[in-house]
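Thanks for coming. I will take a few minutes on one model, and then we can discuss it.

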Amino acid sequence: MAKHEPALSLLFHALSDATRRSMLTKLAARPVSVTDLAGPTGLRLPTVMRHLSVLEEAGLITTAKDGRVRTCAIVPEALGPARTWLDQQEALWEAQLDRLDAFVMKKMKGREE
């Protein structure tokens, strides 16, 4: 898993900001121009471009320029490493909780006897 840590760090960093998550939500429906993404945020274009740069660096979006219009599109499969890591963490925690449950039940059974 160590080889994925830089990618995971980029993914979680990109997802850590509410503005970027909002942009991803909008892009989930369809590709959108930078201007259309920037409008609802109320942010200045350089700030929006920095957010998009973070998303693109994490592999969550792609951008394409057609004339003067830059369009962004989501890359849904980019969330795969984060989903895998979260699934692994869930399995570890469930195993620990199962062991704790077994320990508590054994102690309770010992008290009843």
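I will go through a helix pair, then the core, then one strand residue.

This is a predicted model, where local features need pLDDT of at least 70, side-chain atom pairs count only at pLDDT 80 or more, and totals for chains, interfaces and linings use all residues. Residues are numbered from 1 along each chain as its sequence is written, and side-chain values use heavy atoms, with hydrogens and water left out.

Start with helix α2, residues 18–29, and helix α3, residues 34–41 (helices are DSSP runs of H or I, at least four residues, and strands are runs of E, at least two, numbered from the N terminus). They pack at an angle of about 130°, with axes 11 Å apart; axes are lines fitted to C-alpha atoms over the stretch in contact, and angles run from 0 to 180 degrees between N-to-C directions. On the α2 side the contact (heavy atoms within 4.5 Å) is made by T19, M23, K26 and L27, and on the α3 side by D36, L37, P40 and T41.

Now the core. The largest nonpolar core has 21 residues, and L37, L52, L55, L60, I61 and C72 have the most contacts inside it. Such a core is a set of buried Ala, Val, Leu, Ile, Met, Phe, Trp, Tyr and Cys residues joined through side-chain atoms within 4.5 Å. Helices α1, α2, α3 and α4 each supply at least two of its residues, and α4 gives the largest share, four. L55 touches A14, R20, M23, L24, L60 and I61, leaving aside residues up to four places away in sequence.

Last, S33 in strand β1, residues 32–33. Is S33 buried or exposed? S33 is buried, at a relative accessible area of 16% (buried is under 20%, exposed over 50%, partly exposed in between, with a 1.4 Å probe and protein chains only). With the same sequence neighbours not counted, S33 touches V69, R70 and T71.
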